[in-house]
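Here is a quick walk through a small protein model, written for someone who likes to keep the viewer open while reading. Load it up and follow along.

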Amino acid sequence: MANLDIIVSASQPGEAPRIDALTKWANMEKPSFTMPFNVTGFPAISVCTGFGIGGLPVAMQMAGKPFAEPLLFRAAHAYEIAMPWRGTRPAMAE
């Protein structure tokens with residue numbers, strides 16, 4: 001990352017699953033796009049980028065150099081403020 005400040009990628013392969021559809025070990029069943037940053041210690045943050053066809057969130061992650069948390073927080077905050085759907089929440093299930 002010598003010439004990079006932030007890497008942007010997907011946080012997961014698709015829309016968030018419904019909470020009642022998750023199994024106890026669901027986080028171990030599918031590959032995690034956050035894993036490389038978790039195991040290397042690089043700081044990363046996930047930010048909602050909208051909603052999928054099921055009405056649940058989709059997200060991106062931003063990762064930075066070690067000790068670059070302030071930069072990531074500023075970038076994530078700037079992105080969230082710029083998005084018009086920021087106050088939108090998923091509909092509650094009946």
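What follows goes from the overall layout to the sheet, the core and a few individual residues.

**Overall layout**

This is a predicted model, so keep an eye on confidence as you go. The mean pLDDT of the protein is 85, and 88% of the residues reach at least 70. Confidence bottoms out in helix H1 (residues 26–29), with a mean of 67, and peaks in H3, with a mean of 95.

The protein has three helices and three strands, and reading from the N terminus the order is β-α-α-β-β-α. Out of 94 residues, 15% count as buried. The accessible surface is about 6900 Å², with carbon and sulfur atoms making up 63% of that. Among contacts with a separation of 6 or more, 59% link residues 24 or more positions apart.

**The sheet**

Strand S3 pairs with both S1 and S2. The pairings look like this:

| Strand pair | Sense | Bridges |
|---|---|---|
| S1 (residues 6–10) and S3 | antiparallel | five bridges |
| S2 (residues 44–51) and S3 | antiparallel | seven bridges |

A good spot to see the arrangement is Ala63 in S3: Ile7 has Ala63 as its bridge partner, and so does Ala44. S2 and S3 also form a hairpin with five residues between the strands, where Gly55 adopts a positive phi near 85°.

**The core**

Which residues make up the largest nonpolar core? There are five: Val47, Met60, Met62, Leu72 and Ala76. Strand S3 (57–64) and helix H3 (69–82) each put in at least two of them. Take Ala76 as a way in: beyond its neighbours within four places in sequence, Ala76 contacts Ile45, Val47 and Met62.

**Gln61 and Ser11**

Now for a polar residue in strand S3, namely Gln61. Is Gln61 buried or exposed? Gln61 counts as buried because its relative accessibility is 2%, and the cut-off for buried is under 20%. Leaving out residues up to four places away in sequence, its contacts include Ile7, Val8, Ser9 and Ala10, along with Phe33, Phe37, Ala44 and Ile45. One polar atom of the Gln61 side chain sits 3.4 Å from the backbone oxygen of Ala10.

Ser11, in the loop between S1 and H1, is another one to click on. Its relative accessible area is 10%, so Ser11 is buried. The side chains of Ser11 and Ser46 are joined by a polar contact of 3.0 Å. Not counting residues up to four places away, Ser11 touches Phe33, Thr34, Ser46, Ala59, Met60 and Gln61. That list ties back to the previous residue, since Ser11 is also among the residues that Gln61 touches.

**After the last helix**

Finally, look at the segment after H3, where you'll find Arg86. How is Arg86 classed for exposure? Arg86 is partly exposed because its relative accessible area is 43%, and that class lies between the cut-offs of 20% and 50%. Once residues up to four places away are set aside, Arg86 touches Glu80 and Ile81. Cys48 is 38 residues from Arg86 along the chain, yet their C-alpha atoms are separated by 8.5 Å.

Definitions and conventions:
Residues are numbered from 1 along each chain as its sequence is written. This is a predicted model: local features need pLDDT of at least 70, side-chain atom pairs count only at pLDDT 80 or more; totals for chains, interfaces and linings use all residues. Side-chain values use heavy atoms; hydrogens and water are left out. Helices (H or I, at least four residues) and strands (E, at least two) are DSSP runs, numbered from the N terminus. Buried means under 20% relative accessible area, exposed over 50%, partly exposed in between (1.4 Å probe, protein chains only). Contact means heavy atoms within 4.5 Å. Accessible areas come from the Shrake-Rupley method with a 1.4 Å probe; for residues, only the protein chains shown count as cover. A nonpolar core is a set of buried Ala, Val, Leu, Ile, Met, Phe, Trp, Tyr and Cys residues joined through side-chain atoms within 4.5 Å. Two strands pair if DSSP finds at least two bridges between them. A polar contact is a pair of N or O atoms within 3.5 Å; within protein, one must be able to donate a hydrogen and the other to accept it, and residues adjacent in sequence count only if both atoms are side-chain atoms. pLDDT is the predictor's confidence in each residue, from 0 to 100.
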